[in-house]
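Biologist: Could you take me through one part of this protein up close? I would love to hear about a helix and the charged pairs in the chain.

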Amino acid sequence: MKKILKIFGAVWVLAGITFFIYMYSVFKAKGFDNSILESGTAVEVNITDEFISFVPKSGSKSTIFLYPGALVDPFAYSPLSRKLSENGYEITIVRMPWRMATKGYNLINERNLLDDKDSYTLVGHSQGAKMAGQFVFENPNSIKNLILLGTTHPRDIDLSKLDINVLKIYGTNDGVASPEKINQNYLQIQNFTKL
């Protein structure tokens with residue numbers, strides 16, 4: 001019996017590792033021109049191990065930080081980020097370690113990117129939205145606007161007592177998060193807008 005349990009455990013671990021590697025390779029950014037990742041006359045692009053930033057050369061209206069969804073290649077958000085930067089917003093995509101949304105969510109604090117000179121917006125997608133909500137909950141005076149993309153979060157925390165604007169964007173044909181589940185937690189947010 002013990003031998004069977006050991007074999008089952010080993011197969012279970014191997015299946016988990018295989019699934020993680022498969023998902024990591026499948027969730028690759030594709031379908032856009034690589035010139036989006038090159039600096040140009042209007043936007044400077046900086047890529048490091050921790051961040052992908054798009055900075056408008058003519059000056060920034062405000063700063064937006066973006067938390068990718070779990071296992072999603074952070075470069076997948078580059079077309080949107082480039083477009084926002086061309087319209088005057090500085091965008092920083094946080095490259096979560098191992099593409100795990102629960103890791104590295106405090107990097108913007110640890111790297112002193114919040115210097116109180118700006119009204120910051122934090123955007124989180126899917127599981128990244130959970131961590132964006134968690135960051136705002138732990139740092140209530142750091143972020144002015146929170147945007148939640150395609151997520152059922154916040155589920156585990158209550159943001160209703162925070163003075164923060166929240167916008168939740170979702171699709172009715174999401175396939176993962178139903179509109180009912182997405183709207184289930186809206187009472188946990190004070191200044192809540194659905195789009």
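Modeller: Happy to; here is a walk along one helix, followed by a look at the salt bridges. Please keep in mind that this is a predicted model.

Let's start with S81, which sits in helix α2, spanning residues 78–86. S81 has 0% relative accessibility, so it counts as buried, the cut-off being under 20%. A polar atom of its side chain lies 2.8 Å from the backbone oxygen of Y77. Leaving aside residues up to four places away in sequence, S81 touches F54, L66, I91 and I93.

Helix α2 also holds R82 and E86, which are four residues apart and therefore separated by about one helical turn. Their side chains meet in a salt bridge, with 3.5 Å from N to O. R82 is buried, because its relative accessible area is 12%, whereas E86 counts as partly exposed at 43% relative accessibility.

Side chains of opposite charge can pair when their charged atoms come close. The count of salt bridges comes to two. Besides the pair in the helix, E50 forms a salt bridge with R111, and the closest N and O atoms are 2.6 Å apart. This pair links distant parts of the chain, 61 residues apart: E50 is in the loop between β1 (43–47) and β2 (51–56), while R111 is in the loop between α3 (107–110) and β5 (121–125). E50 counts as partly exposed at 24% relative accessibility, and R111 is also partly exposed, with a relative accessible area of 39%.

Terms used: Residues numbered from 1 in each chain as written. Predicted model: local features only at pLDDT ≥ 70, side-chain atom pairs only at ≥ 80, totals over all residues. Heavy atoms only, no water. Helix = DSSP H or I, 4+ residues; strand = E, 2+ residues; numbered from the N terminus. Buried < 20%, exposed > 50% of the residue type's maximum accessible area, 1.4 Å probe, protein only. Polar contact = N/O pair within 3.5 Å; in protein donor to acceptor, adjacent residues only side chain to side chain. Contact = heavy atoms within 4.5 Å. Salt bridge = Lys/Arg side-chain N within 4 Å of Asp/Glu carboxyl O.
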